[in-house]
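The following account goes from the overall fold to a single pair of side chains. Please keep the sequence and the coordinates in view while reading.

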Amino acid sequence: MPFANIKVPQAALSSAQKADIIHRLTDLLVEYMSEAARPHTMVLIEEVPDGGYGRADEVFVIPDAYRATG
């Protein structure tokens, strides 16, 4: 079973954007593994809360300009 785990900052993506990622990533995996993989493909999008990860040795908080709207 193909499995993809995507981690994104909390509130960075709208529900529609998450759905688009799921559909497009599923299509990509099917392209490589054949249509038989589609019903068994799982895509998990995890939202990491602000302060839950770091970048360049600093705790990361997503700027408001990058938060999803709607």
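**From fold to aromatic pair**

The secondary structure of this protein, a predicted model, consists of one helix and four strands. Their order along the sequence is β-α-β-β-β. The radius of gyration is 15 Å, well over the 11 Å that the globule rule gives for 70 residues, so the protein is more spread out than a compact globule. The C-alpha trace spans about 40 × 30 × 15 Å along its principal axes.

Burial and contacts add to this picture. Of the 70 residues, 24% count as buried. Among contacts with a separation of 6 or more, 68% are accounted for by residues 24 or more positions apart.

The surface and the charges can be described in similar terms. The accessible surface amounts to about 5,200 Å², and carbon and sulfur atoms hold 57% of it. The protein carries 6 positive and 10 negative charges, and the mean positions of these two sets are 2 Å apart.

At the level of side chains, a search of the whole structure finds one aromatic pair. The ring centres of Tyr53 and Phe60 are 5.3 Å apart, and their planes meet at 35°; because this angle lies between the 30 degrees below which planes count as stacked and the 60 above which they count as edge-to-face, the pair is tilted. Phe60 has a relative accessible area of 16% and is therefore buried, the limit being under 20%. Tyr53, at 25% relative accessibility, counts as partly exposed.

Conventions. Residues numbered from 1 in each chain as written. Predicted model: local features only at pLDDT ≥ 70, side-chain atom pairs only at ≥ 80, totals over all residues. Heavy atoms only, no water. Phe/Tyr/Trp six-rings, centres within 6.5 Å; stacked < 30°, edge-to-face > 60°. Buried < 20%, exposed > 50% of the residue type's maximum accessible area, 1.4 Å probe, protein only. Helix = DSSP H or I, 4+ residues; strand = E, 2+ residues; numbered from the N terminus. Rg over C-alpha atoms; globule rule 2.2 N^0.38 Å. Contact = heavy atoms within 4.5 Å. Areas by Shrake-Rupley, 256 points an atom, 1.4 Å probe, with all protein chains shown as cover. Lys, Arg positive; Asp, Glu negative; His and termini not counted. Charge placed at Lys NZ, Arg CZ, Asp CG, Glu CD.
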